[in-house]
Amino acid sequence: MNLNIALLPGDGIGPEVLAQAVKCLEAVEETFNHQFNFREAAVGAIAIERKGKPLPNTTLSLCQDADAVLFGAIGDPKYDNNPDSAVRPEQGLLELRKALGLFSNIRPVKVFPALIHNSPLKKEIVEGTDFTIYRELTGGIYFGEKKLNTEGTVASDLCEYSEKEISRIAHLAFKAAKNRSNKLTLVDKANVLESSRLWRKVVTKIGESYPDVTLDYMFVDNAAMQIILNPSQFDVVLTSNMFGDIISDEGSVIGGSIGLLPSASIGEESALFEPIHGSYPQAKGMDIANPVASILSAAMLLEHFGLFEEAMSVREAVDKSLRKKIVTPDIDSKSQYGTNQVGDFIAENIVDNGDDFNMNDENIDLGKSTII
Ligand code: IPM
Ligand code: MG
């Protein structure tokens, strides 16, 4: 397969973790005979510095012309701590999501067996956690009208949703539930918000066309609690933009590190893949950031194009790195491995593990990725 992939490293640790994902895609390219053409562009704080805005036109058109976008991270404390700043790095990502029509953000929350002891929760609670969040990404309070009165003393953000915006992501979430364990939980605040009541109405109606899927409803405050009390009750979680933002960060720590979880943002014509973690500016350039979320985002990219074996080889190489403790210090504080070494190990262990082959574990342990 020939794919044009736009690379947007962004800020903080973005460039370092993205470089590891690219290494892995290059290993896939070589192992499975594909051709991936990478082209890079600036987004976020770095783009503000270089070009005066967080999403320069050249970056947007590169993404529009590409088959997929691989994104690093965005954000810089310089802007976070200045509420008066007229331009912010995050606007670049929001504009990009909107311009590419990426209405569906898919965030799988899974616990790696090798890392169960890393979870802040008890083993019995964490075991078996495997759910996927479908977060609406181009509507709601993020994109509603924003107001600030002239005195600067009263502000508001409008949360607006249309039936169309709700139904297009709801269909994707129901389809995902059909391919998983047939359970969909709509997370909302329908006891208070009109927009949530519309979500309930639209999703309930759509549910009639998916009779195999059990639909239940949960208020977001309760969901925040249930995610840490009993995460394995969830299969597919469908929710609006801001609720999805919040509960996906919560879900991400269940597995022991926010550095492990990837995401896919899908629209009619474009697709973008990014780790769910932020730019972690304190770790920038220190070679300690966990590249796994970025690498697994590349695996989601491969799946998006139907390259399932290829994606599986990446996932298996990641599992191997976790089992062999080739991990960054967020997973094991005594670890001597850095971002680059973890990326190298995973890329080197990407092999064609088709039916006729068996991986020789011993050789892999010795660092020789031999297939017998
Ligand atoms: C995320 C991030 C973004 C969001 C920020 C960086 C704008 O937190 O992708 O979850 O709020 O959507
Ligand atoms: Mg977030």
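## Fold, domains and cores of a predicted model

The protein chain of this predicted model has 14 helices and twelve strands. Helices (H or I, at least four residues) and strands (E, at least two) are DSSP runs, numbered from the N terminus. The radius of gyration of the protein chain is 21 Å, close to the 21 Å from the globule rule for 372 residues, so the chain is as compact as a globular protein of that length. That radius is taken over C-alpha atoms, and the globule rule is 2.2 Å times the number of residues to the power 0.38. Along the principal axes, the C-alpha atoms fill a box of roughly 65 × 50 × 40 Å.

Residues are numbered from 1 along each chain as its sequence is written, and chains are lettered from A and ligands numbered from 1 in the order in which they are written. Local features need pLDDT of at least 70, side-chain atom pairs count only at pLDDT 80 or more, and totals for chains, interfaces and linings use all residues, while side-chain values use heavy atoms, with hydrogens and water left out.

**Burial and surface.** Of the 372 residues in the protein chain, 52% are buried. Buried means under 20% relative accessible area, exposed over 50%, and partly exposed in between (1.4 Å probe, protein chains only). The protein chain exposes about 17100 Å², and carbon and sulfur atoms supply 51% of this area. Accessible areas come from the Shrake-Rupley method with a 1.4 Å probe; for residues, only the protein chains shown count as cover. Among contacts (heavy atoms within 4.5 Å) between residues at least 6 apart in sequence, 73% join residues at least 24 apart.

**Domains.** The protein chain divides into domain 1 (1-102 + 274-372) and domain 2 (104-266). These bounds come from an automatic or database domain assignment. The C-alpha centres of domain 1 and domain 2 lie 23 Å apart. Domain 1 brings 21 residues to the contact, and domain 2 brings 26 residues. About 2200 Å² is buried between the two domains, with 67% given by carbon and sulfur atoms. Buried area is the accessible area (1.4 Å probe) that two parts lose on being put together, summed over both. L102, I276 and M300 supply 33% of the area that domain 1 buries against domain 2, more than any other three residues.

**Cores.** A nonpolar core is a set of buried Ala, Val, Leu, Ile, Met, Phe, Trp, Tyr and Cys residues joined through side-chain atoms within 4.5 Å. The largest has 82 residues; L70, L238, F273 and I346 touch the most other members. This core draws at least three residues from each of domain 1 and domain 2. Apart from it lies another core of 17 residues, including L55, C63, I74 and L100. Beyond four places away in sequence, the residues that L70 touches include I5, L18, F273 and L301.

**Selected residues.** Most residues other than glycine have a negative phi. D287 departs from this sign, with a positive phi near 60°. K325, also not a glycine, has a positive phi of about 65°. Y217 lies in strand β9 (residues 214-219). Beyond four places away in sequence, Y217 touches L186, R200 and T204. The C-alpha atoms of Y217 and V203 are separated by 10.0 Å, and the two residues are 14 apart along the chain.

| Residue | Place | Relative accessible area |
|---|---|---|
| Y217 | strand β9 (residues 214-219) | 33%, partly exposed |
| D287 | loop between β12 (271-275) and α11 (292-304) | 29%, partly exposed |
| K325 | loop between α12 (308-323) and α13 (339-348) | 41%, partly exposed |
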